[in-house]
Amino acid sequence: MFRHLSAVWTARHFLLALVQLDLRLRYRRSVLGVGWSLLHPIAMTIVFTVVFSQLFGDSNPVGYAAFALAGLAVWGFLREAATSGSRAFLQNEAYIRQSPMPYTIYTLRTVLGQAIHSSLALVIVVCLLVLWKGNPGVLVGLALAIPGMIITLIAAWAIATIGAFINAFFHDTAQILEVGCQIGFFLTPIMYRRSLLDQRGLGWVVDINPVNLYLSVIRDPLLGGIPSPEGLVQLSYAYLAAVVFTGVLVGLAAGVVSWLQKKVIFYL
Amino acid sequence: MAKIELTDVSIIFNAHPQKRVSLKEYLVRGLFRPSANPPMRVHALTGINLVARDGDRIGVIGHNGAGKSTLLKTLAGIYPPTTGTRIVDGKICSLFDIMTGFEPEATGWENILYRSYLQGETPRSIRGKLDAIAAFSELGDFLNIPVRNYSAGMMMRLAFSIATAIDPEVLLIDEVLAVGDLAFQTKAQARMRELMQSARLMVMVAHDLVSIRQMCTRVLWMAHGQIIRSGPTDEIVDEYVAAMHRQAQPAAAA
């Protein structure tokens with residue numbers, strides 16, 4: 001595995017050049033540039049804020065908007081890692097057929113591009129929070145969320161890699177994942193708060209949902225600002241859970257890579 | 001020192017004759033009834049042994065589908081051997097499929113960078129070579145526009161210029177490349193000769209027996225994924241030509 005990672009490191013120039021290209025292409029060709037690609041999460045957030053903050057009895061629209069946008073950013077990142085990441089080998093087939101680079105650089109290409117894209121949404125969240133709270137606690141929250149972002153990035157790379165290998169053998173994997181994500185969106189506390197399910201005794205839906213682990217190490221500290229002592233304990237448990245689950249994902253991905261990397265080229 | 005050692009290398013993979021298997025089909029068919037689309041075992045290479053050291057110039061001949069390109073891709077490390085071991089020491093330069101793998105939206109300059117990184121260059125080592133690559137391609141200002149606007153000939157010029165810009169130790173060539181217009185072809189052939197001379201070790205697949213005779217010190221004759229004859233160039237090429245004539249004559253008589 002370490003030999004694999006060092007091969008990825010050797011390929012970093014190639015990888016970063018392509019990530020840069022992907023981002024430039026994404027933000028070029030539109031008057032709004034960066035703004036254009038953020039339009040989707042922002043529009044969703046505005047709709048959610050107008051409709052749901054009323055429905056769910058949230059009295060603070062700015063706070064709700066920050067909550068929804070942060071949730072959407074994390075969710076969107078994981079969704080794209082799973083769906084676009086699954087197509088990485090097919091998209092980079094020409095490179096794969098030419099050069100014996102480690103396969104995981106192609107999933108990392110997708111994941112890194114998405115990560116930068118989603119971070120832009122999180123920047124807006126931070127702006128909203130500053131606007132709302134107007135105190136430096138926001139920065140403490142940001143500092144507490146940054147390790148969470150790194151863990152999420154690693155998890156997303158693992159998910160994309162597993163998905164890409166399966167997708168090379170069964171080409172309908174990406175579609176199945178898309179349907180799964182569509183359903184998952186409603187089962188994840190993104191537009192509603194967890195307390196809403198707890199009141200109805202449905203908290204376990206959230207507990208078994210691994211996406212929630214990553215929400216609780218990014219969105220929750222980011223919105224929480226300076227944590228109380230109990231909050232800090234809760235956060236460390238959340239981190240522990242996220243690290244353990246990510247470790248399992250990485251282990252799975254490493255297993256899939258060593259099992260299939262010698263076969264996959266014959267199925268592309 | 002550059003070296004190649006293939007020991008008892010075989011490549012076997014499954015291909016589905018009709019279409020790809022979807023996950024749905026796999027689950028439904030696989031669990032409940034035998035597949036209507038059974039996989040076919042393809043023996044692309046069988047029991048290949050090959051040792052080559054500095055100074056060797058190896059030509060590979062044989063009919064289409066004999067496994068010549070598969071052998072080359074195995075040497076390049078793209079196809080992992082199903083059984084057997086592959087050892088290749090030295091910086092590899094592979095000249096095959098060079099027309100694919102361009103980023104269509106990126107400019108010529110950017111594609112030069114991507115390709116060079118793919119071939120193992122670093123930002124520092126590429127700096128000195130960029131201008132040489134650009135000059136060799138003779139594309140001038142066209143390098144500033146996205147390659148999606150290039151003609152096939154321009155793509156070929158660019159691809160060839162990049163692929164041959166590195167100093168290889170192990171050079172792998174699939175077919176002699178017909179590159180661009182006449183003027184460029186002459187230049188490209190000169191560059192190829194230069195490369196072949198500077199590389200420590202070369203393996204070349206070609207149907208053009210004249211260049212095989214000129215360039216190679218040894219020849220492998222492949223059929224059905226196996227090396228059926230190997231030895232000094234002239235001897236094997238003569239045998240090959242004779243065998244092809246024997247095959248062609250009954251067909252012509254009938």
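1. Start with A:Tyr237, which you'll find in helix 13 of chain A, the stretch covering residues 229-260. This is a predicted model, so read what follows as a description of a prediction. A:Tyr237 counts as exposed because its relative accessibility is 58%, and the cut-off for that label is over 50%.

2. A:Tyr237 has company on the outside. Together with A:Val233, A:Leu240, A:Val244, A:Val248 and A:Leu252, A:Tyr237 makes up a nonpolar surface patch. The accessible area of these residues together comes to about 610 Å². As a reminder when you look at the spacing of those numbers: an α-helix has 3.6 residues a turn, so residues three or four places apart point the same way.

3. Still in chain A, have a look at helix 7, residues 104-133, where A:Val130 sits. Is A:Val130 buried, partly exposed or exposed? A:Val130 counts as partly exposed, because its relative accessibility is 42% and that label lies between under 20% for buried and over 50% for exposed. If you want a feel for distances here, A:Val130 and A:Tyr106 are 24 residues apart in sequence, and their C-alpha atoms are 37 Å apart in space.

4. Now over to chain B, beginning with an open sheet of 3 strands. The strand order is 2-1-4, and the pairing is antiparallel. Strand 2 (40-53) and strand 4 (83-89) are the edges, each pairing on one side only. On average, neighbouring strands in this sheet are turned by 25 degrees against each other, ignoring direction.

5. Zoom in on one pair from that sheet of chain B. Strand 1 (residues 3-15) and strand 2 run antiparallel and are joined by 10 bridges. One spot to click on is B:Ala15, which stands opposite B:Met40 in strand 2.

6. What lies across strand 1, strand 2 and strand 4 of chain B? That's helix 2 of chain B, residues 68-76, which runs at about 120 degrees to strand 1. Helix 2 is mostly covered, with 8 of its 9 residues buried. Among the buried ones are B:Leu71, B:Leu72 and B:Leu75, but also B:Lys68 and B:Lys73. Just after helix 2 comes B:Gly77, with a positive phi of about 90 degrees.

7. Chain B also has an open sheet of 6 strands, ordered 5-6-7-3-8-9, and this one has mixed pairing. Its edge strands are strand 5 (92-95) and strand 9, each with pairing on one side only. Neighbouring strands here are turned by 15 degrees against each other on average, again with direction ignored. Helix 6 of chain B (residues 182-198) packs on this sheet and touches strand 3, strand 5, strand 6 (170-174) and strand 7 (201-205). The direction of helix 6 makes about 140 degrees with that of strand 6.

8. Strand 8 of chain B is a good place to see the mixed pairing. With strand 3 (residues 57-61), strand 8 pairs in the parallel sense over 4 bridges; there, B:Ile58 has B:Arg218 as its bridge partner. With strand 9 (residues 226-232), strand 8 (residues 218-223) runs antiparallel, and 6 bridges join the two. In that pair, B:Trp221 stands opposite B:Arg229.

9. Last stop: the hairpin of strand 8 and strand 9 of chain B. How many residues lie between the strands? There are 2. In this hairpin, B:His224 takes a positive phi near 50 degrees.

Notes
Residues are numbered from 1 along each chain as its sequence is written. Chains are lettered from A and ligands numbered from 1 in the order in which they are written. This is a predicted model: local features need pLDDT of at least 70, side-chain atom pairs count only at pLDDT 80 or more; totals for chains, interfaces and linings use all residues. Side-chain values use heavy atoms; hydrogens and water are left out. Two strands pair if DSSP finds at least two bridges between them. Axes are lines fitted to C-alpha atoms, for helices over the stretch in contact, and angles run from 0 to 180 degrees between N-to-C directions. Contact means heavy atoms within 4.5 Å. Patches are made of residues with over 30% relative accessible area and no salt bridge: like charges are joined within 9 Å, nonpolar side chains (Val, Leu, Ile, Met, Phe, Trp, Tyr) within 5 Å. Accessible areas come from the Shrake-Rupley method with a 1.4 Å probe; for residues, only the protein chains shown count as cover. A salt bridge is a side-chain nitrogen of Lys or Arg within 4 Å of a carboxyl oxygen of Asp or Glu. Buried means under 20% relative accessible area, exposed over 50%, partly exposed in between (1.4 Å probe, protein chains only).
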